[in-house]
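Subject: Structure for you to look at

Hi,

Here is the structure I promised to pass on. Have a look at it first, and then read my notes underneath.

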Amino acid sequence: MPKYDPVPEAPQLPAAVSPAPKPAKDKPMTTDVPEDIQQALRLAVVLHGTTIKAAVTEALRDWITAHPIQLPATQAPQGASTPGT
């Protein structure tokens with residue numbers, strides 16, 4: 001019978017791998033959408049092999065990119081002194 005190398009007593013496990021970052025949690029969001037848009041979306045996602053969730057997420061990201069949030073500049077309250085005056 002052939003001889004085999006002895007099996008080590010301590011198991012050799014790979015080094016710990018850092019866990020992948022957790023994706024943002026999805027929350028339900030509802031809105032009324034015109035029926036013709038719903039039908040076009042259903043057809044488009046089937047033809048493009050994706051999901052409504054993915055298509056809507058992409059559309060919302062594109063819309064937010066095209067419409068950045070611009071907060072108004074803050075002004076010092078009237079009567080407040082500014083440094084150096």
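In terms of secondary structure, the protein has two helices and zero strands. Please keep in mind that this is a predicted model. Of its 85 residues, 1% count as buried. The protein exposes about 9,200 Å², and 61% of that area is supplied by carbon and sulfur atoms.

Now the helices. Helix α1 takes in residues 35–47, so 13 residues by the usual DSSP runs. From its first C-alpha to its last, α1 reaches 18 Å, close to the 18 Å expected at 1.5 Å a residue. Just after α1 comes G49, with a positive phi of about 65°. Helix α2 covers residues 52–66, and I52 is in it.

What about charge pairs? The structure holds one salt bridge. Its partners are D26 and K53, whose closest N and O atoms are 2.3 Å apart. This pair links distant parts of the chain, as D26 sits in the segment before α1 and K53 in helix α2, 27 residues apart. Both D26 and K53 are exposed. As background, side chains of opposite charge can pair when their charged atoms come close.

There is also a nonpolar patch on the surface, of about 620 Å², made by M29, I52, V56, L60, W63 and I64. Is I52 buried or exposed, or something in between? I52 has 39% relative accessibility, and it counts as partly exposed because that value lies between the 20% and 50% cut-offs. When you look at the spacing of the patch residues, remember that an α-helix has 3.6 residues a turn, so residues three or four places apart point the same way.

Last, the pockets. The largest pocket has a volume of about 650 Å³. Its lining is made of 19 residues, and M29, K53, V56, T57 and L60 lie nearest its centre. Both α1 and α2 supply at least two residues each to that lining, with the largest share, eight residues, coming from α2. Some names come up again here: K53 is also in the salt bridge with D26, while M29, V56 and L60 also belong to the nonpolar patch.

Cheers

Note on methods. Residues numbered from 1 in each chain as written. Predicted model: local features only at pLDDT ≥ 70, side-chain atom pairs only at ≥ 80, totals over all residues. Heavy atoms only, no water. Patch = residues over 30% accessible without salt bridge, like charges linked within 9 Å, V, L, I, M, F, W, Y side chains within 5 Å. Areas by Shrake-Rupley, 256 points an atom, 1.4 Å probe, with all protein chains shown as cover. Salt bridge = Lys/Arg side-chain N within 4 Å of Asp/Glu carboxyl O. Helix = DSSP H or I, 4+ residues; strand = E, 2+ residues; numbered from the N terminus. Buried < 20%, exposed > 50% of the residue type's maximum accessible area, 1.4 Å probe, protein only. Expected span 1.5 Å × (residues − 1). 1 Å grid on protein atoms, 1.4 Å probe; cavity = no way out; pocket = protein on both sides within 12 Å on 5 of 7 lines; lining within 4 Å. Points joined across faces, edges and corners; volume = space filled by probe spheres on them.
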